[in-house]
Amino acid sequence: MKGKKSVISRLNKLLVGELVAADQYFVHSRMYREWGLSKLYERIEHERQDEIGHADLLIGRILFLEGTPDLSKRPGPKVGKDVPSMLKADLDLEIEVVAELKEAIAHCESEGDYDTRRILGKILEDTEQDHTLWLEQQLGLIARMGLQNYLQSAAGDIAQGAS
Ligand SMILES: [Fe+2]
Ligand SMILES: [Fe+2]
């Protein structure tokens, strides 16, 4: 089915966003692992897999609409230096993706492309209710309990001496 160019170009922009997020989570998760922050590693590795799933949905939709996946404008990830700056960089990216998704959903609505809108709605739910919310909660926890306590809990079993 031939899709509207304006819809395909938005899907490509969203695809780039998902893959930048996947790259960023990939690097950040490995940093957490290196530092022994096993709970953060597991969570962020899981987010990375979610982003690949979102990218998969977008590529599938682009191909279905007879478009070409275009990654030529893919920027690099923003890699933080410590836990708070890494969480903040991830949150900034998720907020950007939420705004792009909402704009694309409104566009699909105006073009009567309800199937694409439905797919984007699912991605928006994960992005807003899951990723963004979780990152906000972590930054809130750091603010309330202090970074040292947060890091201790983020290290999980390792900090408690379990093997
Ligand atoms: Fe995503
Ligand atoms: Fe996300």
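Contact here means heavy atoms within 4.5 Å. The model is predicted.

**Glu 18 and its surroundings**

Glu 18 sits in helix H1, which covers residues 5–34. Its relative accessible area is 2%, so Glu 18 is buried. Setting aside neighbours within four places in sequence, Glu 18 is in contact with Glu 51, His 54, Ala 55, Leu 58, Val 97 and Ile 123.

His 54 belongs to helix H2. With neighbours within four places in sequence again left out, the contacts of His 54 are Glu 18, Ile 123, Asp 126, Thr 127 and His 131.

**The record**

An unreviewed UniProt entry lists Glu 18, Glu 51, His 54 and Glu 128 under "binding site". These residues are spread over 111 residues of sequence, yet they cluster in space. The largest C-alpha distance among them is 13.5 Å.

**The iron site**

Which residues donate to the iron ion (ligand 2)? Glu 51 (OE), Glu 94 (OE), Glu 94 (OE) and His 131 (ND1) are the protein donors. They lie 2.1 to 2.4 Å from the ion. Along the chain, the donors follow the spacing E-x42-E-x36-H.

Why is the arrangement around the iron ion (ligand 2) irregular? The four donor atoms subtend angles of 56 to 133 degrees. A tetrahedral site needs all angles between 85 and 135 degrees. The range around the iron ion (ligand 2) starts at 56 degrees, so the arrangement counts as irregular.

A second ion is part of the picture. The iron ion (ligand 1) is 3.4 Å from the iron ion (ligand 2), and Glu 51 coordinates both. Glu 51 lies in helix H2 (residues 38–64) and His 131 in helix H4 (residues 114–145), so this pair ties together parts 80 residues apart in sequence.

**An aromatic pair**

How many aromatic pairs does a search of the whole structure find? The search finds one. Tyr 32 and Trp 35 form this pair, which is edge-to-face. Their centres are 6.4 Å apart, with 70 degrees between the planes.

**Burial**

The table gathers accessibility values for residues named above.

| Residue | Relative accessible area | Class |
|---|---|---|
| Glu 18 | 2% | buried |
| Glu 51 | 1% | buried |
| His 54 | 3% | buried |
| His 131 | 0% | buried |
| Tyr 32 | 0% | buried |
| Trp 35 | 41% | partly exposed |

The aromatic pair joins two classes: Tyr 32 is buried, whereas Trp 35 is partly exposed. At the iron ion (ligand 2), the donors include Glu 51 and His 131. Glu 51 is buried, and His 131 is buried too.

Note on methods: Residues are numbered from 1 along each chain as its sequence is written. Chains are lettered from A and ligands numbered from 1 in the order in which they are written. This is a predicted model: local features need pLDDT of at least 70, side-chain atom pairs count only at pLDDT 80 or more; totals for chains, interfaces and linings use all residues. Side-chain values use heavy atoms; hydrogens and water are left out. Donors are N, O and S atoms within 2.8 Å of the metal (3.2 Å for Na, K and Ca); water is not among the atoms, so sites may look incomplete. Four donors count as tetrahedral if all angles lie between 85 and 135 degrees; four count as square planar and six as octahedral if opposite donors are over 155 degrees apart and all others between 65 and 115; anything else is irregular. Helices (H or I, at least four residues) and strands (E, at least two) are DSSP runs, numbered from the N terminus. Buried means under 20% relative accessible area, exposed over 50%, partly exposed in between (1.4 Å probe, protein chains only). Rings of Phe, Tyr and Trp (its six-membered ring) pair if their centres lie within 6.5 Å; planes under 30 degrees apart count as stacked, over 60 as edge-to-face and the rest as tilted. UniProt positions are given in the numbering used here, feature names are shortened, and annotations may be inferred rather than shown by experiment.
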